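Take a walk through this structure, from charged pairs to metal sites, cores and surface. Keep the sequence and the 3D view side by side.

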Amino acid sequence: MHGHPHSHGHHHHAEEEGRAIAVAFWLNFIFTIIEFVGGLMVNSVAILSDAVHDLGDTLAIGMGWALGKTSQRKADSKYSYGYQRLSVLAAVINALVLIVGSIFIISEAVPRLWAPEMPDATGMLWLAVLGVVVNGLGAWRLLRQSSMNASMIRWHLLEDVLGWLAVLVVSLVLMVWDVPILDPILSIGFTLFILFNVARNLWASLKVFLQAVPADVDVQALVAQLCEPRQVGGVHHVHVWSLDGEHHVFSAHVELQGAPPVEEVLALKQHFRQLVMDYGFAHSTIEFEWPEESCRHGEEGLAP
Ligand SMILES: [Zn+2]
Ligand SMILES: [Zn+2]
Ligand SMILES: [Zn+2]
């Protein structure tokens with residue numbers, strides 16, 4: 001059995017999406033540069049930590065854009081599963097860049113807790129207004145779309161807007177009161193938030209690389225379902241892993257009992273085909289073993 005239940009969209013739709021990604025990339029890229037330069041000019045580590053966050057966004061969008069075509073490429077004789085795992089590699093690279101950037105920001109911000117430097121509050125305010133407008137517009141544009149991915153991006157953009165609102169409030173406070181320590185405090189808060197998300201994403205990516213069972217698959221339940229038909233005496237070599245966190249691969253050896261006739265085995269295959277479709281596996285292999293056959297790999301693991 002081998003199936004590809006995921007359709008990959010209409011050509012025109014893909015083109016439109018490509019253009020939207022290009023616009024998002026250039027907006028983020030330009031804005032990241034403005035933030036780094038602006039953050040240095042107004043002497044605010046809070047803005048610099050936001051710049052690191054947006055550098056991560058830019059990289060994520062950019063790599064998604066660059067890898068988009070490649071990772072959609074069909075499997076070939078060199079990469080028999082295709083190129084979808086490139087997206088996991090991209091996520092790990094992105095995480096490493098964000099970790100390096102965060103260490104840099106922390107090393108800048110922590111000494112300022114003891115020796116605070118006053119940022120240019122007016123410049124900070126203008127950058128914050130720009131940040132709220134740019135990120136708010138992005139979130140507002142996505143409000144009209146309803147796909148799962150768009151809603152995740154929307155949440156992300158909302159976080160970005162909230163971050164800039166915090167910078168805006170701090171800059172207003174700094175215009176009135178002389179409390180420069182707020183800048184490094186905000187910066188360290190942002191950076192810890194960035195690192196928390198990085199750790200979460202990195203862990204998810206590493207689990208994909210380590211071929212962990214995907215969180216949305218209950219292997220014990222799957223084994224129980226495989227064993228349900230009366231012609232099945234047992235299963236072994238049950239393996240479930242994920243190519244990229246979305247497209248899963250499944251294989252199993254099924255032991256037949258009582259030498260069922262061919263029609264019953266065919267019906268059994270049909271039954272399993274439905275099961276595999278219900279789980280949405282992108283690749284699946286099921287081996288039938290007859291009662292007198294011995295397993296070529298030796299039996300292992302995951303009894304029902
Ligand atoms: Zn962001
Ligand atoms: Zn095995
Ligand atoms: Zn076997």
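Is Arg 230 buried or exposed? Arg 230 is exposed, because its relative accessible area is 61%, and the cut-off for exposed is over 50%. Bear in mind throughout that this is a predicted model.

Stay with Arg 230. Its side chain meets that of Glu 264 in a salt bridge, at 3.6 Å from N to O. The two ends of this pair come from distant parts of the chain. Arg 230 sits in the loop between H7 and E1, whereas Glu 264 belongs to helix H8, 34 residues apart. Glu 264 is partly exposed, with a relative accessible area of 25%. Side chains of opposite charge can pair when their charged atoms come close.

How many salt bridges does a search of the whole structure find? There are 3. Another of them joins Arg 296 to Glu 287, with 2.9 Å from N to O. Arg 296 counts as exposed at 57% relative accessibility. Glu 287 counts as partly exposed at 21%. Arg 112 and Glu 117 also form a salt bridge, and their closest N and O atoms are 3.6 Å apart. Here the arginine is covered: Arg 112 counts as buried, because its relative accessibility is 10%. Glu 117 is partly exposed, with a relative accessible area of 38%.

Now turn to the metals. Which residues supply the protein donors of the zinc ion (ligand 3)? They are His 236 through NE2, His 253 through ND1, Glu 289 through OE and Cys 295 through SG. These donors lie 2.0 to 2.2 Å from the ion. The angles among the 4 donor atoms run from 93 to 117°, and the site is tetrahedral. Along the chain, the donors follow the spacing H-x16-H-x35-E-x5-C. His 236 lies in strand E1 (residues 232-242) and Glu 289 in strand E3 (residues 283-289), so this pair ties together parts that are 53 residues apart in sequence. His 236 and Glu 289 are both buried.

The zinc ion (ligand 2) has His 237 (ND1) and His 239 (NE2) as its protein donors. They lie 1.7 to 2.1 Å from the ion. How does their burial compare? His 237 is buried, with a relative accessible area of 9%. His 239 is partly exposed, at 33%. His 237 deserves a second look for its backbone. This residue of strand E1 has a phi near 50°, a positive value in a residue other than glycine. Gln 211 is also not a glycine and has a positive phi, of about 60°. Gln 211 lies in the loop between H6 and H7, and counts as partly exposed at 44% relative accessibility.

Next comes the interior. In soluble globular proteins, nonpolar side chains tend to be buried together. The largest nonpolar core here has 22 residues. Which of them have the most contacts inside it? They are Leu 226, Val 235, Phe 250 and Phe 272. Several elements build this core: helix H7 (219-227), E1, strand E2 (248-256), helix H8 (262-279) and E3 each supply at least two residues. Strands E1 and E3 thus hold zinc donors as well, namely His 236 and Glu 289. Another core lies apart from the largest one. It has 16 residues, among them Val 42, Ile 47, Met 124 and Leu 127.

Phe 190 takes us to helix H6 (residues 182-209). Phe 190 counts as buried, because its relative accessibility is 15%. Its C-alpha atom is separated by 8.5 Å from that of His 53, a residue 137 positions away along the chain.

Finish at the surface. Which residues make the nonpolar surface patch? They are Trp 26, Phe 29, Ile 30, Ile 33, Ile 34, Val 37, Met 41, Trp 65 and Leu 130. The patch covers about 850 Å². Helix H1 (residues 11-41) gives the largest share, 7 residues. Leu 130 comes from helix H4 (residues 121-142). Leu 130 is partly exposed, with a relative accessible area of 34%; patch residues need over 30%.

Key. Residues numbered from 1 in each chain as written. Chains lettered and ligands numbered in written order. Predicted model: local features only at pLDDT ≥ 70, side-chain atom pairs only at ≥ 80, totals over all residues. Heavy atoms only, no water. Patch = residues over 30% accessible without salt bridge, like charges linked within 9 Å, V, L, I, M, F, W, Y side chains within 5 Å. Areas by Shrake-Rupley, 256 points an atom, 1.4 Å probe, with all protein chains shown as cover. Salt bridge = Lys/Arg side-chain N within 4 Å of Asp/Glu carboxyl O. Helix = DSSP H or I, 4+ residues; strand = E, 2+ residues; numbered from the N terminus. Buried < 20%, exposed > 50% of the residue type's maximum accessible area, 1.4 Å probe, protein only. Donors = N, O, S within 2.8 Å, 3.2 Å for Na, K, Ca; no water. Tetrahedral: all angles 85-135°; square planar, octahedral: opposite > 155°, others 65-115°. Core = buried A, V, L, I, M, F, W, Y, C linked by side-chain atoms within 4.5 Å.
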